[in-house]
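Reader: I'm new to this structure and would love a close look at a single part of it. Could you pick one loop and then walk me outward from there?

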Amino acid sequence: MKHLCFDIAYNYYAQKPGFEFRCISDINRIFGYFIAAFPHQFLSVSNIYHAFRTERRMMRILKYIDHHFMGKITLAEIAKMEDVSVPYLSQQFHSYVNMTFQEYIKQLRFEKACFLLSKTTLSLYDICIESGFSDQKYLTLAFKDAYGMTPSQYRKQYVSTIHLEQAHSKLKTFSRLSHSNHVFRFFESIMSTSVNRIRRCGRRNRLGWDGIRGISSLRR
């Protein structure tokens with residue numbers, strides 16, 4: 001396999017007459033090795049068309065669910081819309097998302113509730129309505145199954161975590177500012193020392209020049 005890849009690269013970059021056929025030949029040999037080494041299945045045209053139709057149907061269904069999971073939604077309702085039987089759609093849905101219809105709906109509602117608990121100050125009753133849970137009892141059961149705590153405990157824990165992160169961020173910012181302040185003071189002290197030295201040198205130069213002028217006047 002490595003020799004084939006090397007030959008493909010060499011022939012492609014050398015581009016001697018007929019290199020296209022040599023590259024295609026080596027690529028076909030690589031596909032032959034893959035077919036021999038890995039389990040595979042050739043799809044007929046009808047199978048490909050069926051898979052394409054299934055893909056489009058599931059995309060329509062998932063989009064519909066994403067817009068309506070907050071309300072009452074059933075698999076029978078969707079099966080009627082798609083003009084298929086409930087058992088057939090149930091099997092297709094499970095094969096596509098690797099979970100049942102009810103599990104998928106519950107997961108969407110749970111994720112929506114988590115978002116509302118962490119990002120808003122809505123009451124549990126309003127969160128139940130917005131996320132699609134029929135009452136607070138089912139919402140609480142879902143949180144206990146997932147996190148071992150009630151929705152209120154989840155919100156408090158999230159808020160406390162956010163406060164800790166904000167405090168940590170402020171501490172890092174203060175530390176950076178403090179460090180920057182120390183650096184600024186260090187350079188300020190250097191600049192001040194340099195300026196004082198320049199001033200002293202300037203005084204000396206002026207004194208020396210005045211002395212020379214005085215000697216010159218005496219000689220005259």
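Author: Let's begin with Asn98, which sits in the loop between α5 (86-97) and α6. Please keep in mind throughout that this is a predicted model. What makes Asn98 worth a stop is its backbone: its phi is positive, about 65 degrees, although Asn98 is not a glycine. Most residues other than glycine have a negative phi. Asn98 is also exposed, because its relative accessible area is 63%, and the cut-off for exposed is over 50%.

Once past that loop, you reach α6 (101-119). A good residue to pause at here is Lys106, which belongs to helix α6. Lys106 has a relative accessibility of 44%, so it counts as partly exposed. If you set aside its neighbours within four places in sequence, Lys106 is in contact with Ala142 and Asp145. Lys106 and Gly132 are 26 residues apart in sequence, yet their C-alpha atoms are 8.8 Å apart in space.

That pair also leads us to the largest pocket, which holds about 250 Å³ of space. It is lined by 14 residues, and the closest to its centre are Gln102, Ile105, Lys106, Arg109 and Gly132. The elements that give two or more residues to this lining are α6 and α8 (136-147). By character, the lining divides into 6 nonpolar, 4 polar and 4 charged residues.

Gly132 has a backbone detail of its own: it follows α7, and its phi is positive, near 100 degrees. Helix α7 covers residues 124-131, and Ile127, Cys128 and Ser131 are buried in it. These buried residues cover an arc of only 105 degrees around the axis, which puts them on the same side of α7.

A little further along the chain comes helix α9 (residues 151-219), where you can find Gln153. With a relative accessibility of 43%, Gln153 counts as partly exposed, because that value lies between the cut-offs of 20% and 50%. Gln153 and Phe143 are 10 residues apart in sequence, and from C-alpha to C-alpha they are 9.6 Å apart in space.

Now jump back to the beginning of the chain, where another loop offers a companion to Asn98. Gln15 lies in the loop between α1 and α2. Its phi is near 50 degrees, a positive value in a residue other than glycine. Gln15 counts as partly exposed, because its relative accessibility is 48%.

The helix just before Gln15 is α1, made of residues 2-14. Its 13 residues reach 18 Å from the first C-alpha to the last, close to the 18 Å expected at 1.5 Å a residue. Leu4, Ile8 and Asn11 are the buried residues of α1. Looking down the axis of α1, you would see these buried residues fall within an arc of 75 degrees, so they line one face of the helix. Turned away from that buried side is a face carrying the exposed residues Lys2, His3, Phe6 and Tyr13.

What do the buried residues of α1 pack against? Their partner is α2 (19-37). Helix α2 has 19 residues, which should span 27 Å at 1.5 Å a residue, and its end C-alpha atoms are indeed 27 Å apart. In α2, the buried residues are Phe19, Cys23, Asp26 and Ile30. They cover an arc of only 65 degrees around the axis, which puts them on the same side of α2. The face of α2 turned away from its buried side carries the exposed residues Phe21 and Ala36. The packing can be read from this side as well, since what covers the buried residues of α2 includes α1.

To finish, step back and view the whole chain. Its secondary structure comes to 9 helices and 0 strands, so the order of elements from the N terminus on reads α-α-α-α-α-α-α-α-α. Of its 220 residues, 21% count as buried. Among the contacts in the chain with a separation of 6 or more, 49% come from residues 24 or more positions apart. The pair of Lys106 and Gly132, 26 residues apart in sequence, is a handy place to return to when you explore the model on your own.

Terms used:
Residues numbered from 1 in each chain as written. Predicted model: local features only at pLDDT ≥ 70, side-chain atom pairs only at ≥ 80, totals over all residues. Heavy atoms only, no water. Helix = DSSP H or I, 4+ residues; strand = E, 2+ residues; numbered from the N terminus. Expected span 1.5 Å × (residues − 1). Buried < 20%, exposed > 50% of the residue type's maximum accessible area, 1.4 Å probe, protein only. Arc of directions from axis to C-beta. Contact = heavy atoms within 4.5 Å. 1 Å grid on protein atoms, 1.4 Å probe; cavity = no way out; pocket = protein on both sides within 12 Å on 5 of 7 lines; lining within 4 Å. Points joined across faces, edges and corners; volume = space filled by probe spheres on them. Nonpolar A, V, L, I, M, F, W, Y, C, P; charged D, E, K, R; others polar.
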